[in-house]
Amino acid sequence: MGMERRQFIRLLGGVMLVVPAGRVFVACDDDDGEVKPQDTAVTDVADVPDVIDGDVADVVEDVADAVDDVADVDDDVADAVDDVADADDDAADAVDDVADADDVADANDVADVDDDVIPAQITFTSTVAVGHTHDLTLTGAEIVDSPSAGLSRETTLDLGHTHVVELTEAELDQIEAGQTVVKETTLVNAHTHSFSFSLAG
C-alpha cells in the first residue's frame, strides 16, 4: 500500500482501533472499561514536514530581517561617525580661522600702537652743559626695526660744535619697549651732554 493508505493497528484498553497513518487519536478506558476518545488535538502527520518547513522558513526570514536591521544600524553608526568627523573638521577649521583672525588682529594692533606711539621722527634734546644744548633725531623705523650693528648719530650744531651719540641694538629695543635709555655724548670742547631716550616724551 502507499504511505497515505497504510494503517496502524493499536490496541488500547482491550479495544482494537484502526487508525489511518496520517492521523493519531488518543483514547483511554473509563472506570467501566469502556474506551472513550479524549478531547485532544488531532495532528495530521503528513502535514508536519510542511509545517516545520514553513516555521523554519519564517525563522530564516526573521533572521535575515534582523541581519538587515543590524546592517542598517551599522550604516547609521558609520554615518554618525562620519558626521562627528566632519564636525571635528569644521571645529578645527573654526579654530584655525579664529587663530588667523587673532594673528591679523594682533598684527593690526601692533601696527596701530607703532603708528600711535612711534612717529616717523623723534627729536630728543640733551641736558644743558656750558650754557647750551644739542638735539638728536631718531626715526621710528630705527626704533621699531633696530639695526643689528646699532647706530651712531651726530647731534645738531651749537656753539660751533657737535657731539656723537652711540646706541646699541639692545638699547634701541629697550626704547621701543617703553623704557628710558640714558646715553652720554662724546667729549667735545671739554664737556659732554646726556640724552634721555624715551617714547614717553
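**Figure 1. Salt bridge between E142 and R153.** E142 forms a salt bridge with R153, and the closest N and O atoms are 2.5 Å apart. E142 belongs to helix α2, residues 140-144, and R153 to strand β7, residues 151-154, so the pair ties together parts that are eleven residues apart in sequence. The view comes from a predicted model. E142 is buried, at a relative accessible area of 18%. R153 counts as partly exposed, at 22% relative accessibility. The cut-off for buried is under 20%, so E142 falls in that class and R153 does not. Side chains of opposite charge can pair when their charged atoms come close. The structure holds two salt bridges; the other is the topic of the next legend.

**Figure 2. Salt bridge between E171 and K183.** The side chains of E171 and K183 meet in a salt bridge, with an N to O distance of 3.2 Å. This pair links distant parts of the chain. E171 sits in helix α3, residues 169-176. K183 sits in strand β9, twelve residues away. E171 is buried, and its relative accessible area is 16%.

**Figure 3. Strands β9 and β10.** Strand β9 covers residues 181-184 and pairs with β10 in the antiparallel sense. Four bridges join the two strands. V181 stands opposite F197 in β10. Side chains alternate along β10, which spans residues 194-197. F195 and F197 point to one face and are buried. S194 and S196 point to the other face and are not buried. Strand β9 also carries K183, the salt-bridge partner of E171 in helix α3.

**Figure 4. Nonpolar surface patch with V63.** V59, V63 and V67 make a nonpolar surface patch of about 250 Å². V63 lies in helix α1, which runs over residues 48-117. V63 is partly exposed, with a relative accessible area of 46%. Patch members need over 30% relative accessible area, so V63 meets that cut-off.

**Figure 5. Loop residue G131 and its distance to L159.** G131 lies in the loop between β5 (121-125) and β6 (135-139). At 71% relative accessibility, G131 counts as exposed. The cut-off for exposed is over 50%, so G131 falls in that class. L159 is 28 residues from G131 in sequence. In space, the two residues are 9.6 Å apart, C-alpha to C-alpha.

**Figure 6. The protein chain as a whole, with residues 1-26.** The protein chain has three helices and ten strands. Along the sequence they follow the pattern β-β-β-β-α-β-β-α-β-β-α-β-β. Of the 201 residues, 18% are buried. The accessible surface comes to about 13,800 Å². Carbon and sulfur atoms account for 54% of that surface. Among contacts with a separation of 6 or more, 31% join residues 24 or more positions apart. The mean pLDDT of the chain is 76, and 64% of its residues reach 70 or more. Over residues 1-26 the pLDDT is below 50. Beyond near neighbours in sequence, this stretch has 44 contacts in the model. Where pLDDT is low, the predicted coordinates should not be read in detail.

Note on methods. Residues numbered from 1 in each chain as written. Predicted model: local features only at pLDDT ≥ 70, side-chain atom pairs only at ≥ 80, totals over all residues. Heavy atoms only, no water. Buried < 20%, exposed > 50% of the residue type's maximum accessible area, 1.4 Å probe, protein only. Pairing = 2+ DSSP bridges. Patch = residues over 30% accessible without salt bridge, like charges linked within 9 Å, V, L, I, M, F, W, Y side chains within 5 Å. Areas by Shrake-Rupley, 256 points an atom, 1.4 Å probe, with all protein chains shown as cover. Salt bridge = Lys/Arg side-chain N within 4 Å of Asp/Glu carboxyl O. pLDDT = per-residue confidence, 0-100. Contact = heavy atoms within 4.5 Å.
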